[in-house]
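Welcome to a short tour of one protein model, written for someone who likes to know the cut-off behind each word. Have the structure open and follow along.

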Amino acid sequence: MNTPARSPERIVNTNPATGEVLSEHACAAAANVQDAVARARAAQPAWSRLGIAGRVRVLRRFQQLLLEQRSEVAACVTAESGKPVVESLVSEVIVTLDAARFCTENVYRVMREEDVRHANIVMKTKRGRILHEPVGVLGIISPWNYPLSIPATETLAALVTGNAVVLKPSELTPLSALYLARLLHEAGVPQDIFQVVLGFGGTGSALIESGIDKLVFTGSVETGKRVAEAAARRLVPVVLELGGKDPMLVLDDADVDIASSAAVWGALMNAGQTCLSVERCYVHRNLYERFVSECARKIGQLKVGNGANAETDIGPLISLRQLEAVEAQIEEAVAAGAIAVTGGKRLPQLGPNFFAPTLLVNVNHRMSLMQKETFGPVLPIMAFDSDDEAIALANDSDFGLSASIWTRNARRGDALARRVNAGTVMVNDVITCFAVAEAPHGGIKASGLGRTHGLFGMREMVRTKYVASDLLPSIKKVWWYGYGEQLGHQMSAFVGLLFGNSLVARAKGAAISFPSLWRKRL
Ligand code: NDP
């Protein structure tokens with residue numbers, strides 16, 4: 001199997017399990033991207049005017065179409081990403097369906113106008129309202145690891161709130177994005193309101209330069225920094241969903257059977273290519289030996305192969321490049337003393353992109369394996385002696401996406417969750433926060449800025465406008481021109497009226513300041 005050469009003009013999309021060429025596409029040049037954004041801008045006002053009810057109807061049709069075509073969609077995702085079909089259904093289709101449900105149920109709440117109560121006595125002469133308006137044209141740049149659910153959840157939140165979207169998916173997974181477009185258009189989203197521009201990083205850069213109103217970027221920290229710099233030059237607001245190095249803390253009272261199953265699944269699902277993967281596992285020393293041997297036993301039962309086979313647990317890595325990066329991290333760790341209890345090697349008999357699920361012990365924080373994102377089927381385990389040490393290890397990271405804590409004591413888990421520096425902490429579960437449509441998703445530190453999913457994710461898609469209507473429009477304001485010594489005296493008294501500490505002080509302030517109402521103004 002040959003890895004097709006990267007051409008700046010064409011994308012050759014292959015199945016990472018078999019090397020089969022799935023599709024070829026011309027890359028969008030900068031001018032194409034600009035055209036797409038201009039068309040989106042022209043179309044967006046009508047989409048916004050369609051109103052919430054109209055857009056909700058369209059999203060419900062989309063939901064129905066996706067439901068009906070779920071097997072074909074899952075097969076498409078599996079073919080180009082390599083993940084097992086079950087994962088395509090669970091982490092891509094269901095997540096998207098549930099996002100559609102959440103958006104249609106909550107868009108009224110997010111966009112509802114709010115009356116603003118003015119406390120200041122003078123400002124009570126105005127009616128204040130907060131409006132939530134679509135930001136306009138949203139650019140979305142998405143990665144290959146969740147080629148449907150990541151762009152879909154962001155797109156649905158943007159569309160339902162009245163925005164137009166131009167999506168640049170990863171060049172490794174264009175078909176899932178095109179399938180998403182097909183379903184949205186069939187459901188009634190106008191062609192110009194949702195557009196996909198295909199290409200490499202250059203197409204993504206062109207999108208940032210094309211006059212979009214906001215960018216939602218999901219990808220690596222390295223690219224995220226470049227993207228943020230480019231966006232800053234144009235003052236384009238950004239949401240950045242970047243990498244993770246998520247810790248799993250197994251406390252001394254944890255159920256070893258449950259926690260070891262969670263560690264194996266959490267580290268290895270999607271071949272470890274999940275931003276929320278368990279990338280560092282810390283286990284209390286009392287459980288350590290048993291935990292490691294349970295993990296090794298369970299990993300030994302996993303079947304690696306083509307994700308299209310129903311029996312497969314772990315598919316290939318997305319590309320040889322990704323595999324080499326994972327392998328280099330493992331080799332460096334092993335050279336520094338890490339021990340591979342299972343795996344640690346390629347599986348060339350299955351194809352060039354397959355890597356054996358790997359359990360590593362004797363690891364430490366000096367290894368890049370415990371510092372940098374691995375994004376491969378690797379579970380490194382370290383022992384700890386106290387809760388304080390576990391928290392210190394968990395927080396000893398540049399990343400802060402999510403974390404999990406395993407304990408039979410819910411209160412203890414909750415208390416420790418508050419001490420972990422991360423966007424999400426799960427007690428007795430891993431990764432599934434991504435599938436909770438209500439849960440805001442995003443990180444702190446190098447894991448990014450802003451949120452997707454949930455109400456916070458939808459609020460990223462609207463901008464806030466304050467509208468104040470004066471209730472006494474025929475009266476000139478007291479503070480307008482016509483200043484003088486007397487007004488200074490009256491305004492000083494007015495400060496006393498607003499903020500005086502006693503009723504007497506306030507009454508005095510009122511008595512002195514009220515005559516200013518009859519003052520002659522310019
Ligand atoms: P990359 O950062 O390599 O790419 C992300 C996207 O950005 C791709 O579409 C890529 O295009 C595009 N891109 C590359 N260079 C530029 C540029 N200069 N300007 C604009 N766009 C550009 O990430 P991967 O696709 O490899 O995805 C894996 C990463 O995504 C991991 O680090 C993972 O942790 C992170 N991730 C984070 C999630 C979160 O929610 N926090 C969720 C899922 C993944 P192309 O592919 O064509 O190069």
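Contact here means heavy atoms within 4.5 Å. With that in hand, I193 touches A43, Q44, W47, L159, N163, A164 and V165, not counting residues up to four places away in sequence. Before going further, please note that this is a predicted model, where local features need pLDDT of at least 70, side-chain atom pairs count only at pLDDT 80 or more, and totals for chains, interfaces and linings use all residues. Residues are numbered from 1 along each chain as its sequence is written, and side-chain values use heavy atoms, with hydrogens and water left out.

## Overall picture

The protein has 16 helices and 20 strands; these are DSSP runs numbered from the N terminus, with helices being H or I of at least four residues and strands E of at least two. Its C-alpha trace spans about 90 × 55 × 40 Å along the principal axes. Of the 522 residues, 56% count as buried. Buried means under 20% relative accessible area, exposed means over 50%, and partly exposed is in between, using a 1.4 Å probe and protein chains only. Among the contacts with a separation of 6 or more, 71% come from residues 24 or more positions apart.

## Two nonpolar cores

A nonpolar core is a set of buried Ala, Val, Leu, Ile, Met, Phe, Trp, Tyr and Cys residues joined through side-chain atoms within 4.5 Å. The largest one has 75 residues, and F62 and L215 have the most contacts inside it. Helix α4 supplies the largest share of this core, nine residues. A second, separate core holds 73 residues, including A267, F355, A403 and C433.

What does F62 touch, not counting residues up to four places away in sequence? Its partners are T96, A100, L156, L180, L183, L184 and A187.

## Helices α2 and α4

Two packed helices are described by the angle between their axes and the distance between the axes. Helix α2 (residues 51-68) packs against helix α4 (residues 85-111) at an angle of about 170°, and their axes are 10 Å apart. The axes are lines fitted to C-alpha atoms, for helices over the stretch in contact, and angles run from 0 to 180 degrees between N-to-C directions. The pair α2 and α4 is therefore roughly antiparallel, a label for angles over 145 degrees, while under 35 is roughly parallel, 65 to 115 roughly perpendicular and the rest oblique.

On the α2 side, the contact includes I52, V56, L59, F62 and L66, and on the α4 side it includes V93, T96, A100, V107 and M111. The residues of this contact divide into 14 nonpolar, three polar and three charged. In that count, Ala, Val, Leu, Ile, Met, Phe, Trp, Tyr, Cys and Pro are nonpolar, Asp, Glu, Lys and Arg are charged, and the others, Gly among them, are polar.

## Residues in loops

Two residues other than glycine have a positive phi, and they make a handy pair to inspect.

| Residue | Phi | Loop | Relative accessible area |
|---|---|---|---|
| L235 | about 55° | between α8 (221-233) and β9 (238-241) | 74%, exposed |
| I431 | near 65° | between β17 (424-427) and β18 (444-445) | 7%, buried |

I193, met at the start, is found in the loop between α6 (174-187) and β7 (194-196). Is I193 buried or exposed? I193 is buried, because its relative accessible area is 0%.

T452 is found in the loop between β19 (448-449) and α14 (454-459). With a relative accessible area of 5%, T452 is buried. Leaving aside neighbours within four places in sequence, T452 is in contact with residues including E154, V216, V239 and G457. The side chains of T452 and E241 are joined by a polar contact of 3.1 Å. A polar contact is a pair of N or O atoms within 3.5 Å; within protein, one must be able to donate a hydrogen and the other to accept it, and residues adjacent in sequence count only if both atoms are side-chain atoms.

S319 lies in the loop between α10 (285-300) and α11 (320-335). At 16% relative accessibility, S319 counts as buried. A polar atom of the S319 side chain lies 3.1 Å from the backbone nitrogen of Q322.
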